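Trainee: Could we go through this model together? I'd like to know what stands behind the labels people put on it.

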Amino acid sequence: QNLSSCRVNYYPMDIELLFSRSPFVRQQTEHFAFIRPNKTEEIELPAGETGFTFDLPEEFRNSNLMVEITAGGIKKSQTYNANSLDIQIIENYGYLRAMFQDTGKLLSRVYVKVYARMKGSNEVCFYKDGYTDLRARFDYVSLNTSELDDVEKFAILILSEDYGAVIREAIPPTR
């Protein structure tokens, strides 16, 4: 089917709210089915091409978005997390390090929120939160309880006011 145009809908997201509601679901596009997009564009597609790329509108370049494209009766959507973070997760020790992607500068005071999926029950619960320290590190596993023994997997939100947001998953360290 040759398509001459497509419609692109832009939905800005509150990534921390969406993460807190469903930490282990990265593609949460069903939440947007009943929401009016903040912006809609009709984009002309080049004839005879099988692929096409386009830039995000300037006002959304530093936003977390759900982008929905519809054409020819087909609807596809993809989340876009604007960030310039480089996150290193050291699963063997249960900590992460946050850096600025372009320069490798260590980033302290970056907010980290962690949820855990528990073994056997698939129960998901808040685990811990806090900020990276002066060495840009955050220990996402240590608690004053034995709860770590029951964790199957972690979902981790790393959120910086200046550098955007990233969601990662990690397995707990073996003891």
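**Labels and their reasons**

Mentor: Let's begin with one residue: leaving out residues up to four places away in sequence, Ser84 touches Met99, Phe100, Gln101 and Tyr163. Keep in mind that this is a predicted model.

Trainee: What makes those four count as touching Ser84?

Mentor: Contact means heavy atoms within 4.5 Å, and Met99, Phe100, Gln101 and Tyr163 are in contact with Ser84 on that basis.

Trainee: Where is Ser84 in the chain?

Mentor: In the loop between β4 (74-80) and β5 (85-90).

Trainee: And why is Ser84 called buried?

Mentor: Its relative accessible area is 18%. Buried means under 20%, so Ser84 is buried.

Trainee: What about Gly164: why does that one get called buried?

Mentor: Same style of reasoning. Gly164 has a relative accessible area of 16%, and the cut-off is under 20%, so Gly164 counts as buried too. Gly164 is found in strand β11, residues 164-170.

Trainee: Which residues does Gly164 contact, neighbours within four places aside?

Mentor: Ala82, Asn83, Leu85, Ile158 and Leu159. Ala116, for its part, is 48 residues from Gly164 in sequence and 22 Å from it in space, C-alpha to C-alpha.

Trainee: Now Pro23. Why is it called buried?

Mentor: Pro23 has 7% relative accessibility. Set that against the limit of under 20%, and Pro23 is therefore buried. You'll find Pro23 in the loop between α1 (15-21) and β2 (39-44).

Trainee: What does Pro23 touch, leaving out residues up to four places away in sequence?

Mentor: Tyr115, Val124 and Ala155. As for Asp150, 127 residues from Pro23 along the chain, the two C-alpha atoms are separated by 17 Å.

Trainee: And Ala136: why is it called buried?

Mentor: The value is 0% relative accessibility. Buried means under 20%, so Ala136 is buried. Ala136 lies in the loop between β8 and β9 (137-139).

Trainee: What is noted about phi of Ala136?

Mentor: It is near 70°, a positive value in a residue other than glycine. Asn122 also has a positive phi, near 60°, and again the residue is not glycine. Asn122 sits in the loop between β7 (111-118) and β8 (124-131).

Trainee: Stepping back, how many helices and strands does the chain have?

Mentor: There is 1 helix, with 11 strands. Along the sequence, the pattern starts β-α-β and then carries on with strands.

Trainee: How much of the chain counts as buried?

Mentor: Of its 175 residues, 40% do, going by the limit of under 20% relative accessible area. The chain exposes about 10,700 Å², and carbon and sulfur atoms supply 45% of that.

Trainee: What share of the contacts with a separation of 6 or more comes from residues 24 or more positions apart?

Mentor: That share is 59% for the protein chain.

Trainee: One more: what makes a residue part of the lining of the largest pocket?

Mentor: Lining residues have an atom within 4 Å of a pocket point. The largest pocket is lined by 20 residues, of which Leu3, Leu45, Thr50, Phe52 and Ala71 lie nearest its centre. β3 (65-71) and β4 each supply at least two residues of that lining. The volume of the largest pocket is about 540 Å³.

Methods:
Residues are numbered from 1 along each chain as its sequence is written. This is a predicted model: local features need pLDDT of at least 70, side-chain atom pairs count only at pLDDT 80 or more; totals for chains, interfaces and linings use all residues. Side-chain values use heavy atoms; hydrogens and water are left out. Helices (H or I, at least four residues) and strands (E, at least two) are DSSP runs, numbered from the N terminus. Buried means under 20% relative accessible area, exposed over 50%, partly exposed in between (1.4 Å probe, protein chains only). Accessible areas come from the Shrake-Rupley method with a 1.4 Å probe; for residues, only the protein chains shown count as cover. On a 1 Å grid over the protein atoms alone, a cavity is a set of points where a 1.4 Å probe fits but cannot get out, and a pocket is an open set with protein on both sides within 12 Å along at least five of seven lines; lining residues have an atom within 4 Å of a point. Grid points are joined across faces, edges and corners, and a volume is the space filled by probe spheres set on the points.
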